[in-house]
Amino acid sequence: MPSTLIPVQPVIMAGGSGTRLWPLSRAGFPKQFLSLSGDDSLFQQAVRRLAGLSSDDIAARPLLVVGNGEHRFLALEQLRELKQAPASVLLEPVGRNTAPALTLAALAALEGGEDPVLVVTPADQTVADEAGFTATLREAVRVAADGAIVILGITPDRPETGYGYIRAVAAEPGEVAKVRQFVEKPDRATAERYLAEGGYTWNSGIFVLKASVWLAALEAFRPDIASAVRTAWAAREQDGVFVRPGKEAFAAVPSESVDYAVLEKCPGSVFDIRVLPLAAGWNDLGAWDAVWQVGAKDEAGNVTQGDVLLQDARDTLVHATSRLVSVVGLSDVVVVETPDAVLVTDRARSQDVKHIVTQLSACGRGEHTLHRKVHRPWGWYDSIDHGGRFQVKRIMVRPGASLSLQMHHHRAEHWIVVSGTAEVTCGDKTVLLTENQSTYIPLGEVHRLTNPGKLDLELIEVQSGSYLGEDDIVRFQDTYGRTS
């Protein structure tokens, strides 16, 4: 055993919105929490990949997650499913891109007095060869322990225009190449030239560096971001594993990516920045074309998920969520069906799906924000029907979980238990309901729903009233610290 272990802080950046994977990815349930490749979500896959970092000379700490405050319970539930206890979940009150997010992680990592190597990965990528991935990360850690900034680069196999590129200086045998230049997403002709010339890799967005090195580089190139994040960090509050930087102070932080703020300025500076090739079947699932690329294809190159029938289709992705989807005589298309929205696009244009999300937002529509099935810390609800003065929901409450003690100004509710046991508080009375039993919650009555059993509680809720919006709720007590 070496006399000194290299301390390592794994960090997962989980704050993206995934607009190019609409309609499956929504603002309230973004792509990193979806299962697009395998049984685990992309976030869970990232957690598993970082779990094996420790070795004879590397001591990995418990995971740090940086993400959106709105997704905190999604992250915590998916970590619970993996039986992974994080060191902390750092909650951004507003999105400020990756440079401020990484700065929060660096400040948190330095709290214990050590200066660990940060191993930073996005939460929305796939890797086929996990053993190869781990071996490359360990090599990067050893290089970064001496003060270098190390980026994992992917050798291009096609003229991809959706990725940034890294141009490297030719390295001596046994050395890790230095970065000469970062190149933004090129046009098709430029990408083809890079592929022909060689010496270029895709920027994977995975980087390894000491916490102090990141802060020093940020101070050198963007002192405004460094100062603003330090102010927000000083005003932080902690609630269990959740750490919340000061809301007003963080809102004043300039929004910038890691690449623009620091990495692209490092070549030619005092900071030693290197690129280490990663050959592990990496893919950034940034758009539906990438999902097709990593999917299991039939003899005609089609990738399907769900209840799908194909006739004379080639090189097509069809994802069905809630019903039968049939495709006849189409090639190179993407069809994605959800209960409330359907997307059909040329596979080559899948990067442009984000423009549909922009239109939805501009029109004030909700399909870019939430699915029909909405996940909550206590379970989920699915809005299965609605009309002018009524709405019907299917509700699931996990064992031991409870909704808030609440009241509605504009609607009454009828609850019918389908399975499990419900403990219902209505006014000053509390009753237990089992399968096929029901109750009525009058308009304006303070009430609460709890699952006291060991099995999931499922019920049907029928709302009636003049206004049925989710904002018609007054919370008096809440297990999860929510106020709205």
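How far apart are the mean positions of the positive and negative charges of the chain? Here are some notes on that and a few other points.

1. **Charges.** The chain carries 47 positive and 60 negative charges, and their mean positions are 2 Å apart. Please keep in mind while reading that this is a predicted model.

2. **Overall build.** You will find 11 helices and 31 strands in the chain. The radius of gyration is 25 Å, close to the 23 Å that the globule rule gives for 484 residues, so the chain is as compact as a globular protein of that length. Along the principal axes, its C-alpha atoms fill a box of roughly 75 × 60 × 45 Å.

3. **Inside and outside.** Of the 484 residues in the chain, 50% are buried. The accessible surface comes to about 21,800 Å², and carbon and sulfur atoms account for 49% of this area. If we take the contacts between residues at least 6 apart in sequence, 69% of them join residues at least 24 apart.

4. **Strand β8 and its partners.** A good place to look on screen is strand β8, residues 165-168, which pairs with strand β9, residues 177-183, in the antiparallel sense over four bridges. Within this pairing, I166 has F182 of β9 as its bridge partner. Strand β8 also runs antiparallel to strand β10, residues 200-210, with three bridges joining them. There, Y165 stands opposite W202 of β10.

5. **Helix α6.** Next comes helix α6, which spans residues 211-221 and has A211, V213, W214, L215, A217 and L218 buried. What covers these buried residues? The cover includes the helices α3 (98-109), α7 (223-234) and α9 (258-261), together with the strands β5 (117-122), β7 (149-154) and β10. Strand β10 therefore turns up twice in this note: it is joined to β8 by three bridges, and it is part of the cover over α6.

6. **A look at R61.** This arginine is found in the loop between β2 (58-60) and β3 (64-68). Is R61 buried, exposed or partly exposed? With a relative accessible area of 22%, R61 is partly exposed, because buried means under 20% and exposed means over 50%.

7. **Around R61.** Leaving aside neighbours within four places in sequence, R61 is in contact with V8, Q9, P10, A109, E114 and P116. One of these, A109, falls in the range given for α3 (98-109). The C-alpha atoms of R61 and P86 are separated by 9.3 Å, and these two residues are 25 residues apart along the chain.

Technical notes. Residues numbered from 1 in each chain as written. Predicted model: local features only at pLDDT ≥ 70, side-chain atom pairs only at ≥ 80, totals over all residues. Heavy atoms only, no water. Helix = DSSP H or I, 4+ residues; strand = E, 2+ residues; numbered from the N terminus. Rg over C-alpha atoms; globule rule 2.2 N^0.38 Å. Buried < 20%, exposed > 50% of the residue type's maximum accessible area, 1.4 Å probe, protein only. Contact = heavy atoms within 4.5 Å. Areas by Shrake-Rupley, 256 points an atom, 1.4 Å probe, with all protein chains shown as cover. Lys, Arg positive; Asp, Glu negative; His and termini not counted. Charge placed at Lys NZ, Arg CZ, Asp CG, Glu CD. Pairing = 2+ DSSP bridges.
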